[in-house]
Amino acid sequence: MSETCSHDCSSCGSNCPSRQKPQDFHEPPHELSSIKKVIGVVSGKGGVGKSMTSAMLAVLMNRRGYHSAVLDADITGPSIPKLFGIHTRAVADEIGCYPVRSRTGIDVMSVNLMLDNETDPVVWRGPVIAGAVKQFWQEVIWKDVDFMFVDMPPGTGDVPLTVFQTLPVDGILVVTSPQELVGLIVEKAVKMANMMNVPILGVVENMSYAVCPDCGKKLYVFGESHVQEIAARYHLPVLAQCPIAPELAKQADLGVIESFESDCLDKAADVVEGLLQNK
């Protein structure tokens, strides 16, 4: 070891005997769990449709014959149970906690399934919130799951960091909207994923346009999309540009998102399915 060694192996190319290996903070799931692939659904800001994307991809993979699950990591703003019309509480015993199964067989775990009243706010500090996400991974028994979608809160704070460090994330999907801010959203998510060595599967743009019910013309409500050029800058594929769909909003509000039919996320589902086929 050189006398000038700073002990920061990440910035050094020397192959000395004392070289430190990068630490692996991944935690194993519950011993009775079986989870083949974990996909994070992220964005740099809120209100772009991460939860909707997570739920619909779980639905699509379920329709393709896989067992899918959604881990709702948005602890202070959980919406996954509402989308699936789940209002019952999760149960636990001395072995572990069990996710609640949706009408079509999708496993869901969310803090809302553990509250006495689902409208009660979760007023917790960051470390407690991050700890809850780790518990959802380590203490919940996820049986025979092919694809787990992790619906993350916006930004690059405690929860995304905990998910990337604790869960063996196989890839992330970056969710955006057409506003000019999309460049900032993608850039933040890309940089964090690169820092954590997590592969980015592609970009999903929601609210890309609305379709006129009379003439069928596309109406760019939020202005012309820039997602293609932004994605190209970071060498990422655009996997979907989903329209504003009033029927989707209606079925989500009714808790019957599993009944919604659309092909806008089919390409994203193909990429996710490829993770299992190319294992």
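## The pocket

A pocket here is an open set of grid points with protein on both sides within 12 Å along at least five of seven lines. In this predicted model, the largest pocket has a volume of about 500 Å³. Its lining counts 27 residues, and the ones closest to the centre are V48, G49, M52, N206 and L248.

Which helix supplies the largest share of that lining? That would be α1, with six residues. Helix α7 (246–254) also shows up: α1 and α7 each put at least two residues into the lining.

## Helix α1

Since α1 keeps coming up, here's a look at the helix itself. It covers residues 50–63, and its 14 residues should span 20 Å at 1.5 Å a residue; the end C-alpha atoms sit 20 Å apart, so the two figures agree. After α1 comes G65, which has a positive phi near 95°.

Is α1 mostly covered or mostly open? Mostly covered, with twelve of the 14 residues buried. The buried set mixes side-chain types: it includes K50, S51, T53, S54 and N62 alongside A55, M56, L57, A58, V59, L60 and M61.

## The nonpolar core

Nonpolar side chains tend to be buried together in soluble globular proteins. In this model, the largest nonpolar core has 80 residues, and F84, W142, V150, V163, I172 and L265 have the most contacts inside it. Again α1 is the top contributor, giving seven residues to this core.

F84 is a handy place to start browsing. Leaving out residues up to four places away in sequence, F84 touches A55, V59, V70, S102, R103, I106, V108, G255, I257 and E258. Two of those partners, A55 and V59, are among the buried residues of α1.

## The cavity

There is also enclosed space: the structure holds one cavity of 30 Å³ or more. The largest cavity contains about 70 Å³. Its lining is made of V42, S43, G44, G155, T156, P160, F164, I172, K188, A189 and M192. Helices α4 (158–166) and α5 (182–195) are the elements that give two or more residues to that lining, and α5 gives the most, with three. I172 turns up in the cavity lining and also in the list of residues with the most contacts inside the largest core.

## The whole protein

Zooming out, the protein has eight helices and twelve strands. Of its 279 residues, 48% are buried. About 14100 Å² is exposed, and carbon and sulfur atoms supply 52% of that area.

How much of the contact network joins residues at least 24 apart? Among contacts between residues at least 6 apart in sequence, the share is 78%.

Terms used: Residues are numbered from 1 along each chain as its sequence is written. Side-chain values use heavy atoms; hydrogens and water are left out. Helices (H or I, at least four residues) and strands (E, at least two) are DSSP runs, numbered from the N terminus. The expected span of a helix is 1.5 Å times one less than its number of residues. Buried means under 20% relative accessible area, exposed over 50%, partly exposed in between (1.4 Å probe, protein chains only). Contact means heavy atoms within 4.5 Å. Accessible areas come from the Shrake-Rupley method with a 1.4 Å probe; for residues, only the protein chains shown count as cover. A nonpolar core is a set of buried Ala, Val, Leu, Ile, Met, Phe, Trp, Tyr and Cys residues joined through side-chain atoms within 4.5 Å. On a 1 Å grid over the protein atoms alone, a cavity is a set of points where a 1.4 Å probe fits but cannot get out, and a pocket is an open set with protein on both sides within 12 Å along at least five of seven lines; lining residues have an atom within 4 Å of a point. Grid points are joined across faces, edges and corners, and a volume is the space filled by probe spheres set on the points.
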